[in-house]
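Work through these exercises with the coordinates open. Each task is followed by a stepwise solution.

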Amino acid sequence: MSSSTTITTTVPANVAHPMPPATADLATTWAFLEEGVDHIMTKLQTGVSYSKYMSLYTVAYNYCTSSRMHSTTGDAVGTGSRTGANLMGSDLYNNLIRYFITHLKLLKDQSDSLQDEALLRYYASEWDRYTTGANYINRLFTYLNRHWVKRERDEGRKGVYPVYTLALVQWKSNFFLHVQSKHTKLAGAILRLIERQRNGETIDQGLVKKVVDSFVSLGLDETDINKASLDVYKEHLETPFLDATEKYYEQESEAFLAESSVSDYLKKAEERLKEEEDRVDRYLNTDTRKQLVSKCEHVLIRQHSDLMWESFQSLLDFDKDEDLQRMYALLSRIPEGLEPLRKKFEEHVKKAGLAAVAKLFGEGSEGADVLDPKAYVDALLEVHRKNSETVTRSFRGEAGFVASLDKACREFVNRNAATGPSTTKSPELLAKHADMLLRKNNKMAEEEDLEGALNRVMVLFKYIEDKDVFQTFYATKLSKRLIHGVSASDESEASMISKLKEACGFEYTNKLQRMFTDMSLSKDLTDQFKERMQNHEDMDINFSIMVLGTNFWPLSAPNNDFIIPPEILATYDRFSKYYQTKHSGRKLTWLWNYSKNELRTNYLNQKYILMTSSYQMAVLLQYNKHDTLSLEELITATAISKDILSQVLTLLVKAKVLINEETDQYDLNPNFRSKKIRVNLNQPIKAEVKAESSEVLKTVDEDRKYVIQATIVRIMKARKTMKNQPLIQEVISQISQRFAPKIPDIKKAIDTLLEKEYIERVDGTRDTFAYVA
């Protein structure tokens, strides 16, 4: 074998000892073993032959077992051999200790003159050589470890170790601690290298890792020597390393901020944190990661958090997305680091929302009544869109920032320059915007995706406090779309109702869905009636009738009289009788104020079709028999109130169908001209438009009274008895999804229910109520 050739040429003949016999004494045995041990520890690179290695193993084994054959004591065999074995084991063990001490003294002497990197290189190469050799020697003395060392440890002698562990213990006490004791030369050298790396220099990371790993290997858990222990690493390296890290970054961050912007500092801090995490992966023990990161977070983030919080607003103002992302990422690493940002962000969004409405409102505007619902909704949505993107992009959609955005939006959507103190204006404008979206000929629906526009309506709807106001306005507008047949499509109407249902539940949209049912039933009813009446000669009028359930349609009957013109009277009578035969006991209330008609002109060269309201029709039909009529004559003929009739006539004069040259005298215009054959005269009159808003709000107030009362009864039925304050809180909690109830209204409802004897006061108490079954 090549290795045997190598060894015979490298060991001088005068030093080599022949292999001693099994009966050899300690001096002869150890002389042979020491020569082999020293060769392995100092000249392993020159090789060791297999036969030499086995000779060493055999001699060690023979010596440890020889006592059994040569026991000369008169004791019993067991005791004698045990004592002998003990002596033999301890002889070899103590000689090994002496060898390690002598060997390490040479290393000590050579290391004394070395500094910094030279010391680390020397230490690392000697550590490699020493631990490799110790591994081989540990195997040479396998028998010693397995029997003598094990028995000693079993009997409680904790200072006795297997040979490899013994080698490490000796290295620590006779070399490592010696080098460290001189101004922590070893750890100091590592820390100076790390500082050089932090300053941008390239260092030998492999060298640092080797030395650091030795610190870890030298740890010893006395209770279980097979268990890893970091006590040496922590005491001699980790603690001074963490202290040095803290000082380094305290000085660097102070100096950096003195001459750089916060934006630049955020980049720097981000880089430094990444570097330190990489450092653990490259050459430190993973156990250090948590403390190192925590220390860096404290110095780089916590100590400068006030400055970051202060500069947050300007980053928001100038849309500095990347900086915001960095600031979020850094501050999210420390406890409560994000809370001040969330509060500032909420305030920022709220201000942006209020400013957007104020800008729209303009200086010296006439007020919210003239505000364009689309412009208002778009302004609110733009603020939400922009800040929602910031939350997603810069704050990773974190729940706290989402909550801040929602809170701010809820505030400016319900209370702004357009709404004043009222919380009913926003739901009204939103419902009007939805109405415009869902109408036929809506440019918006043609230009962009209508479904997307409806989804954006729902974004704002989520923030509306008075959802019942929206519901009532929406129902009113829907009823007009259905009556006048101006819905963009049934699919869009159904889609919007489905969205509202998902947001607020079945009860919220129940009435809206019933409206569609009534429209379908009315179509069938009209068809059946026409079929029945087709034989009547005076049934040449083309008509359709809608029968709408009072409970589901937010329509109010006209409060003025109306004389039905003879031209439609026969149809009116026949349908009334037909309906009574089908549904006896039901009362029909005719809503002339919502009906519409088409009249053909026969008095002009060009034939026109005039699209009119019922009141306009009643007025114009009078001119079949007269060319001119006074206001009083028209009031007598139609029974329409003077106030409404005046507005009807104003519209007809404006359209030039009638001429009003003398006060309160109206003539049919024989020279009427229009570019269109179908002329739409049916414009809403101002009185109706204004009345609609006040009617809706009146309806909402009435409904709220009943909702509050019903909620109190429901709560009291479940709880049986309840004190005043908890009852009020529970009512607010249950109703707030629909609207924000006012406490005086709740108290009024409690008084009403006491009067109606749904609840009663508990005897002997002032503020406790009981449910009356």
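**Exercise 1. Find which residues of α25 and α27 meet, then give the packing geometry.**

Step 1. From α25, the residues Y615, Q616, V619 and L620 meet I644, L645, V648, L649, L651 and L652 of α27. Contact means heavy atoms within 4.5 Å. Helices are DSSP runs of H or I with at least four residues, numbered from the N terminus.

Step 2. Sort the residues by class: the contact of α25 with α27 has nine nonpolar, one polar and no charged residues. Ala, Val, Leu, Ile, Met, Phe, Trp, Tyr, Cys and Pro count as nonpolar, Asp, Glu, Lys and Arg as charged, and the others, Gly among them, as polar.

Step 3. α25 spans residues 614-621 and α27 spans residues 642-654; their axes are 10 Å apart, at an angle of about 75 degrees. Axes are lines fitted to C-alpha atoms over the stretch in contact, and angles run from 0 to 180 degrees between N-to-C directions.

Step 4. α25 and α27 are therefore roughly perpendicular (65 to 115 degrees; under 35 is roughly parallel, over 145 roughly antiparallel, the rest oblique).

**Exercise 2. State how far the model can be trusted, by pLDDT.**

Step 1. The model is predicted: local features need pLDDT of at least 70, side-chain atom pairs count only at pLDDT 80 or more, and totals for chains, interfaces and linings use all residues. Residues are numbered from 1 along each chain as its sequence is written, and side-chain values use heavy atoms, with hydrogens and water left out.

Step 2. pLDDT is the predictor's confidence in each residue, from 0 to 100. The chain averages 87, and 92% of the residues score at least 70.

Step 3. Check the low stretches. Residues 1-15 stay under 50, with 17 contacts beyond four places in sequence in the model. Residues 68-84 also stay under 50, with eleven such contacts.

**Exercise 3. Is T424 buried or exposed, and what does T424 touch?**

Step 1. T424 sits in the loop between α17 (399-414) and α18 (425-437).

Step 2. Its relative accessible area is 18%, so T424 is buried (under 20%; exposed is over 50%, partly exposed in between; 1.4 Å probe, protein chains only).

Step 3. The side chains of T424 and S422 share a polar contact of 2.8 Å. A polar contact is a pair of N or O atoms within 3.5 Å; within protein, one must be able to donate a hydrogen and the other to accept it, and residues adjacent in sequence count only if both atoms are side-chain atoms.

Step 4. Setting aside neighbours within four places in sequence, T424 is in contact with D466, V469 and L697.

How values were computed
Helices (H or I, at least four residues) and strands (E, at least two) are DSSP runs, numbered from the N terminus.
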